[in-house]
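Grab a pencil and work through a few exercises on ring pairs, charges over rings and a chain-chain interface. Try each task before you read its solution.

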Amino acid sequence: MKKVYVNENVCMGCRLCEVYCLLKHAHTKDLIKAYKKESPRALPRVRVDESGIVSLSVRCEHCVDAPCVKACLTGALSRDPVTGLVTVDEERCIGCGTCALVCPLGVPKLDKAQKKMVKCDLCQDEEIPVCVANCPNEALVYMEEKPDTNPVVNYVNNN
Amino acid sequence: MSTTTNTKYLIIGNSAGGIGAAEAIREVDGVGKITIISDEPYPAYSRPLISEYLAQPCPLEKMLYRKPDFYKANGIQSVPGEKAVAINPAEHTVKLESGGFIKWRKLLLATGGTPIVPTMEGIDLKGVFTFNRLDDAKAIDTFLNEYRSNVKAVVIGGGLIGVSVTEALVKWGVEVTIVEMKDYVLNTILDEEAAALEADALEQASVGIITGRTVAKINSQTAGEVGSVTLDDGRTLPADMVIIAIGVKPRLDLVAGTKIKTNRGIVVDRTMAASLPDIYVCGDAAEAYDFVMGENRPTPVWPNAYEGGCAAGLNMAGKKTEYTGGTSMNALKYFGLNIVSAGLVNPPDDGYKTIVNRHNGTYRKVILKKGKLAGFAFAGDIEKSGIIYNLMKDGVNVDSFKQQLVADDFGLASLPESAWRSKLAKPSASAVPITTAEPKEEAVIGD
Ligand SMILES: Cc1cc2nc3c(=O)[nH]c(=O)nc-3n(C[C@H](O)[C@H](O)[C@H](O)COP(=O)(O)OP(=O)(O)OC[C@H]3O[C@@H](n4cnc5c(N)ncnc54)[C@H](O)[C@@H]3O)c2cc1C
């Protein structure tokens, strides 16, 4: 399975990860339009938390035990047993926020206009997620990990 | 002679708890026969979605908790529309309403809760409903479709289910009044201030709220049908329909008459086992471990039912597992307002410290005891509440950064380094970097 890791020692909190993630999820491919013309503005699926000199680029880590998947009221969230990817089926999500309440990183974002939750999908149509590709400091690294096993969650996702 | 079928695992209740258990059993035991019976005639659906069903209406396919091929793909024998009427723990059998018996090796009671219905005059009139299952939503839907316009409803009970049905009724254009016995709505899951935000949202949607009162009787004008209600202070409110939403209690009918120990719910240990061998219980029916209170009590919410079901299932299949526990926890989004709460909502005595941050419609409150979190409520902006929830669940001492917990810019970096490091994953020794040969694409800027 693939994962994005943060090397926080070289993250300066420039927030380009947020910028490119937002652009990726905007309708337009034009940065200015994405920020200034699109309403509602697209939501980045990554966020930078800062305190003093610490800045952390935080996104879904597609956890093995996936507390969000277990807590999901509707079954909209699932974790793929092969890729380990945690995804939300927007058709079935009602945006209740239960996933946000149990996520240890607090990463589920609520799209209030659509009444849906949105989250990182590691840019499925890109070779490398845009946050990683556009990080000027290489503070974000994309890596292949051995597949993990957690069949409880796998069974959720098989079905 | 009536027929007896055999199964390795029998699960009664085809909902959050039952599905959690079945999925966990299949993790450990890929072949042992699993049978799930339910007296509801549907595949597992998301119970909280019955208000969406009533409001939209949202078709059953969209409410399914798992994909339609779930049972088949996992080799689960599902028997919808079948009721278990008696358990014989010694014989390891369950008697079915349709006449037969099922012999099991391990039994799970995931029978959920049942609405509390007060005895009062008029409770049997046409137009009185509960709101706990899909058929309740269907019955209300049918009633509203048959009915004249300008329908007035009285919802008895301003808890989660009362507010949930109110939202659906408002979408139908029904004029709703909530009658809540306590001082404020949602009082079991929110403190007064967060609840006031929800009350504002309700009032903006023209919902009437009467607190500190209850309904003493339901009256009829047309014979057999609801016409009004009389409150305990003598006031009369016109009503065409009444929804009973005063609460849910663990469903104990099946264990009555057995030696299975019950208290408020069915008593279980940390492995979700009941007091008799080979019988497990989870979800709204059980009185399972609450990690905030440090004791067992009913915490009737969906995520706890699923998690407790997983723990029960693993134990049933022979993998000894402790339920890590749940607590009272809720995420609400009624009338467009996002609220979350977990643990205690009000400090029970002065051994607790409360920290609040409120402005511009956002509200953040944490309750601490001896430096550890014992509860919180967030309204308006709930997105990072999960960090707080996990600090509470992990029993982290937050004393040194407690003010940060309610700050507007609270985030992972607000935690001490050791705490945020433990949350962020690190690459394993065998991780291989993925790179691309392609040059970065520059963003288009204002073409
Ligand atoms: C309107 C509404 C809104 C809700 N909103 C939320 C929410 O936002 N968040 C949240 O966390 N929770 C919510 N809940 C609570 C949540 O739905 C429950 O906590 C959860 O469904 C409990 O799951 P369970 O598996 O224990 O039991 P249940 O979901 O109650 O299922 C038990 C099943 O067992 C069946 N059964 C019982 N006895 C027998 C028998 N003898 N034979 C055969 N079948 C039997 C029942 O018919 C039922 O189908 C809501 C509930 C309602 C009604």
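The exercises below deal with a predicted model.

**Exercise 1.** Classify the aromatic pair formed by Phe70(B) and Tyr71(B), and decide whether each residue is buried or exposed.

*Solution.* Start with the wider search: over all chains, the whole structure has eight aromatic pairs. In the pair of Phe70(B) and Tyr71(B), the ring centres are 5.1 Å apart and the planes stand at 85°. Planes over 60 degrees apart count as edge-to-face, so that's the class for this pair. Next, check accessibility, where under 20% means buried. Phe70(B) has a relative accessible area of 0%, so it is buried. Tyr71(B) comes out at 12%, so Tyr71(B) is buried too.

**Exercise 2.** Do the same for Phe291(B) and Tyr389(B), then work out which parts of the chain they link.

*Solution.* Geometry first: the centres of the two rings lie 5.9 Å apart and the planes meet at 75°, so Phe291(B) and Tyr389(B) are edge-to-face. Now place them. Phe291(B) is in the loop between strand S19 (286-290) and strand S20 (295-297) of chain B, while Tyr389(B) belongs to helix H9 (residues 385-393) of chain B. The two are 98 residues apart, and the pair links distant parts of the chain. Last, accessibility: Phe291(B) has a relative accessible area of 14% and is buried. Tyr389(B), at 5%, is buried as well.

**Exercise 3.** Which residues join Tyr65(B) in a ring cluster, and where do you find charges over rings?

*Solution.* Follow the ring pairs from Tyr65(B): they tie it into a cluster with Trp302(B) and Tyr306(B). Then look at the face of Tyr65(B), where Arg66(B) lies 4.1 Å from the ring centre. Another case is Arg270(B), whose charged end sits over the ring of Tyr289(B), 3.7 Å from the centre.

**Exercise 4.** Describe the interface of chain A and chain B: residues, buried area and polar links.

*Solution.* Begin with who takes part: chain A brings 59 residues to the contact and chain B brings 68. Next comes area, since interface size is often given as the accessible area lost when the parts come together. Here chain A and chain B bury about 5,400 Å² between them, with 59% of it on carbon and sulfur atoms. Then the charges: four salt bridges cross the interface. Lys62(B) and Glu91(A) make a salt bridge through their side chains, at 3.9 Å from N to O. Finally, 16 residue pairs are in polar contact between the two chains, counting those where both residues have pLDDT 80 or more.

Notes. Residues numbered from 1 in each chain as written. Chains lettered and ligands numbered in written order. Predicted model: local features only at pLDDT ≥ 70, side-chain atom pairs only at ≥ 80, totals over all residues. Heavy atoms only, no water. Phe/Tyr/Trp six-rings, centres within 6.5 Å; stacked < 30°, edge-to-face > 60°. Buried < 20%, exposed > 50% of the residue type's maximum accessible area, 1.4 Å probe, protein only. Helix = DSSP H or I, 4+ residues; strand = E, 2+ residues; numbered from the N terminus. Lys NZ or Arg CZ within 6 Å of the ring centre and 35° of its normal. Contact = heavy atoms within 4.5 Å. Buried area = accessible area lost by both parts, 1.4 Å probe. Polar contact = N/O pair within 3.5 Å; in protein donor to acceptor, adjacent residues only side chain to side chain.
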